[in-house]
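Colleague: Please walk me through this model, a topic at a time.

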Amino acid sequence: MRRSAAQNATNSELRNVTQTRPQYYTGFCKGYTSVEPTSEYHLIVPSARHSDLYKMVDVFLNKKYKLSTSENFDDFMKALGVGLVTRKMGNAVSPVVDLVKDGDEYTLSSSSTFKNVVTKFKSGVEFDQETPDGRKVKSTITVDGNVLKEVQKDPNGKDTTIIREFGDDEIKMTMTVDDITATRIYKLQS
């Protein structure tokens, strides 16, 4: 099989091809650049370390998102042992969330008429957290592309996973404890 010059090129040289010959660029896919050096070959090569070149979550920084829909949140809170009055308040408010970054530290804020919560974290580093319902947990939030994955370890065994997936105009938050899953959608505010 004949090899093209592009197949023998280093990743750095291929990145230069995509920068100088835009007709070969076909898009990004989690940190990879697609290059078509000839009609015979279609290569997918790393454009650079994804985390070094482009952190997708950074696109969503400093934007405000307001709760739009909520499914199964009452059952989720009930599974955590949250009392009736607090559950009623939690279901009645529409919090606004935003994510900011300073160096390698993120700040995730949630504001509502019921409670304001500010969580400061470094990706992948465990920290002590008090949840909005008052539980004290050990949490780790990992940033992976457009997803924040939070794992809360409760000393009483009620471990919780919260996935926040950032999209163009919304955040989809999926929360799981035991076999209960709740989904909340936050819409970008203009």
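**Cavity, core and salt bridges**

Colleague: Which helices and strands each supply at least two residues of the lining of the largest cavity?

Modeller: This is a predicted model, in which local features need pLDDT of at least 70 and side-chain atom pairs count only at pLDDT 80 or more, while totals for chains, interfaces and linings use all residues. Residues are numbered from 1 along each chain as its sequence is written, and side-chain values use heavy atoms, without hydrogens or water. Helices (DSSP H or I, at least four residues) and strands (E, at least two) are numbered from the N terminus. Those that each give at least two residues to the lining of the largest cavity are α4, α5, β6, β7, β10 (147–153), β11, β12 and β13.

Colleague: How much space lies in the largest cavity?

Modeller: A cavity is a set of points on a 1 Å grid over the protein atoms alone where a 1.4 Å probe fits but cannot get out, and its lining residues have an atom within 4 Å of a point. The structure holds one cavity of 30 Å³ or more. Its lining has 32 residues, with F73, S110, V117, P132 and M173 nearest the centre. The space in this largest cavity, as filled by probe spheres set on the points, is about 630 Å³.

Colleague: Which residues have the most contacts inside the largest nonpolar core?

Modeller: A nonpolar core joins buried Ala, Val, Leu, Ile, Met, Phe, Trp, Tyr and Cys residues through side-chain atoms within 4.5 Å, and the largest one here has 28 residues. At least two of them come from each of β4 (64–71), α4, β5, β6, β9 (136–144), β11 (160–166), β12 (170–177) and β13 (180–188). Beyond four places in sequence, L99 has contacts (heavy atoms within 4.5 Å) that include V57, Y106, F121, L148 and F166. The residues with the most contacts inside this core are F76, L99, F121, L148 and F166.

Colleague: Is T119 buried or exposed?

Modeller: T119 lies in strand β7. Beyond four places in sequence, T119 is in contact with Y106, T107, L108, F127, Q129 and I141. The cut-offs are under 20% relative accessible area for buried, over 50% for exposed and in between for partly exposed (1.4 Å probe, protein chains only). At 9% relative accessibility, T119 is therefore buried.

Colleague: Which residue forms a salt bridge with R87?

Modeller: A salt bridge needs a side-chain nitrogen of Lys or Arg within 4 Å of a carboxyl oxygen of Asp or Glu, and the count here is 10. R87, in helix α5 (residues 84–92), is buried at 11%. Its partner sits 13 residues away in helix α4 (residues 73–79) and is partly exposed at 28%. With an N to O distance of 3.1 Å, that partner is D74.

Colleague: How far apart are the closest N and O atoms of K136 and E130?

Modeller: K136 is exposed at 56% relative accessibility, whereas E130 is partly exposed at 45%. The two form a salt bridge, and the closest N and O atoms are apart by 3.0 Å.

Colleague: Where in the protein chain is confidence lowest?

Modeller: The mean pLDDT (the predictor's confidence in each residue, from 0 to 100) is 79 for the protein chain, with 71% of residues at 70 or more. Over residues 1–54 pLDDT stays under 50. Confidence is highest in β13, at 98. At a mean of 39, the lowest confidence is in strand β1 (residues 25–28).

Notes
1 Å grid on protein atoms, 1.4 Å probe; cavity = no way out; pocket = protein on both sides within 12 Å on 5 of 7 lines; lining within 4 Å.
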